Amino acid sequence: MSTLAPLSAEAPEPALLTLTDVQAAAMRIAGKVVRTTTEHSRTLSEIAGCDIWLKFENLQFTAAYKERGALNALLLLTDEQRARGVIAASAGNHAQGLSYHGTRLGVPVTIVMPRTTPTVKVMQTEAVGGKVVLEGETFDEAYAHARRLEQELGLAFVHPFDEPAVAAGQGTVALEMLADVPELDMLVIPVGGGGLATGMGTAARGLKPGIGLVGVEAELFPSMYNKLKGTQYPTGGDTLAEGIAVKEPGQFTSRVLAQLLDEFLLVSEPAMEAAVALLLQIEKTVVEGAGAAGLAAVMANRELFAGRKVGIVLTGGNIDTRLLANVLLRDLARSGRLARLRLTLQDRPGALFKVMEEFNRHNINIIEIWHQRIFTHLPAKGLITDIECEARDRDQLEALVAALRAKGYDVSQVDVN
């Protein structure tokens, strides 16, 4: 049995979702979504101090697990509902999954997105057959408009998470993981609205009652955490994990998760950035911020997972390439391989050359140099120089800084948060 303390001590209510529901969804969607692999990561296991198995849901056709729930919901529609079409409010993976499978099945799909949605997400949804309606400045406004269109046009609304049919489809992830690796004794599941954790948790507990279930949310969006734990942490901000950045968790999902989860963890932005970088460097796989949240939680709470056989879902791989580049460069900076050093110099011939000699002696590559003479607190003959450089590791960089200070230079390092 799990050694973790349950989140809720209340008597369980009648099952809102069952293992049978998830198994039926698995039969329904079989052959229509990618049967992704569950692979052991020897290197990540050594780093984390536990046995890590990764479920590569970023390898679905639309690069996210959301296809599973969307397809199951579509297949449960009546003939009349299919003919009229479906509608959803989403600016992310649910939009693409629903649009792709709706088009494949001949079901018209309308997706309402906020006007602030990045153009690339609109184009990706339209590319797989969805009709996009841009309305409102926020997701809440887009959601309200979608519910109005549902009534006006007689469409079936497919909620991205707060719907049993959708959660049952998402739960098929756990069925596959436990079929591949029956010895797993803990699952770490990213939580936004709660659909994935509800489905996976229901399936896993039905198959293996003693398995540990750990939910993970971004620190900036602890909406489900607040609801289940009774906390009042602020919700909002620019998070890397936009896939789980939900301000209002589901009503149905929160009731289920209150009885299922053994532990709930919050992860920081730097932790998720580091996890994205680790997965690319070690597993050679691209994940979005939400997709890396599970690994981030394990890395940040190693004592909780020590010695366990841990299953982690890489929920999606839809990350903007420019954002991915920023994440990787910031990770290099945190590891000491990339740095920006700030030096105070005298504005005279040869001053910079002497500094460059020290870089050369320590075999550290200079990428870029900036001089600032005007907007400083220094006297008119002084200047501030920022030098962006590349080192082998933190020790090599620290040796350079020590040598510069020994020669009388005022040196500081510009930190990455």
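**Exercise 1. Leaving aside its neighbours within four places in sequence, with which residues is Ser254 in contact?**

The model is predicted: local features need pLDDT of at least 70, side-chain atom pairs count only at pLDDT 80 or more, and totals for chains, interfaces and linings use all residues. Residues are numbered from 1 along each chain as its sequence is written, and side-chain values use heavy atoms, with hydrogens and water left out.

*Solution.*
- Step 1: Ser254 is located in helix α11 (residues 251–260); helices (H or I, at least four residues) and strands (E, at least two) are DSSP runs, numbered from the N terminus.
- Step 2: With neighbours within four places set aside, Ser254 is in contact with Met224, Lys227 and Leu228, where contact means heavy atoms within 4.5 Å.
- Step 3: Its relative accessibility is 4%, so Ser254 counts as buried (buried is under 20% relative accessible area, exposed over 50%, partly exposed in between, with a 1.4 Å probe and protein chains only).
- Step 4: The Ser254 side chain reaches the backbone oxygen of Gly250 at 2.8 Å.

**Exercise 2. Determine the surroundings of Thr62 and of Ala275.**

*Solution.*
- Step 1: Thr62 belongs to the loop between β2 (51–56) and α3 (66–75). Thr62 has 5% relative accessibility and therefore counts as buried.
- Step 2: Beyond its neighbours within four places in sequence, Thr62 is in contact with Glu67, Gln96, Gly97, Tyr100 and Asn318. A separation of 8.7 Å lies between the C-alpha atoms of Thr62 and Gly316, which are 254 residues apart along the chain.
- Step 3: Ala275 is found in helix α12 (residues 269–283), and its 3% relative accessibility is why Ala275 counts as buried.
- Step 4: Outside the neighbours within four places in sequence, the contacts of Ala275 are Ala292, Leu295 and Ala296. The C-alpha atoms of Ala275 and Met299, 24 residues apart along the chain, are separated by 8.1 Å.

**Exercise 3. Describe strand β3 and its pairing.**

*Solution.*
- Step 1: From strand β3 (residues 86–89), Val86 and Ala88 point one way, Ile87 and Ala89 point the other way, and all are buried.
- Step 2: β3 runs parallel to strand β4 (residues 109–113), joined by four bridges; two strands pair if DSSP finds at least two bridges between them. Opposite Val86 in β4 stands Val109.
- Step 3: β3 also runs parallel to strand β6 (residues 156–157), joined by two bridges. There, Ala156 is the bridge partner of Val86.
- Step 4: Together with helix α5 (residues 93–105), β3 and β4 make a right-handed β-α-β unit (with the strands pointing away from the viewer, the path from the first strand over the helix to the second runs clockwise).

**Exercise 4. Classify the aromatic pair Tyr225 and Phe264, and identify the charges over rings.**

*Solution.*
- Step 1: Rings of Phe, Tyr and Trp (its six-membered ring) pair if their centres lie within 6.5 Å; planes under 30 degrees apart count as stacked, over 60 as edge-to-face and the rest as tilted. The count by this rule is four aromatic pairs.
- Step 2: The ring centres of Tyr225 and Phe264 are 5.5 Å apart and the planes stand at 65 degrees, so this pair is edge-to-face.
- Step 3: Because Tyr225 lies in helix α10 (residues 223–229) and Phe264 in strand β9 (residues 263–267), the pair ties together parts that are 39 residues apart in sequence.
- Step 4: Tyr225 and Phe264 are both buried, and with Tyr233 they form one aromatic cluster.
- Step 5: A charge sits over a ring if NZ of Lys or CZ of Arg is within 6 Å of the ring centre and within 35 degrees of the ring normal. Arg147 lies over the face of Phe157 at 3.9 Å from the ring centre, and Arg340 over the face of Trp370 at 4.2 Å.

Notes: A polar contact is a pair of N or O atoms within 3.5 Å; within protein, one must be able to donate a hydrogen and the other to accept it, and residues adjacent in sequence count only if both atoms are side-chain atoms.
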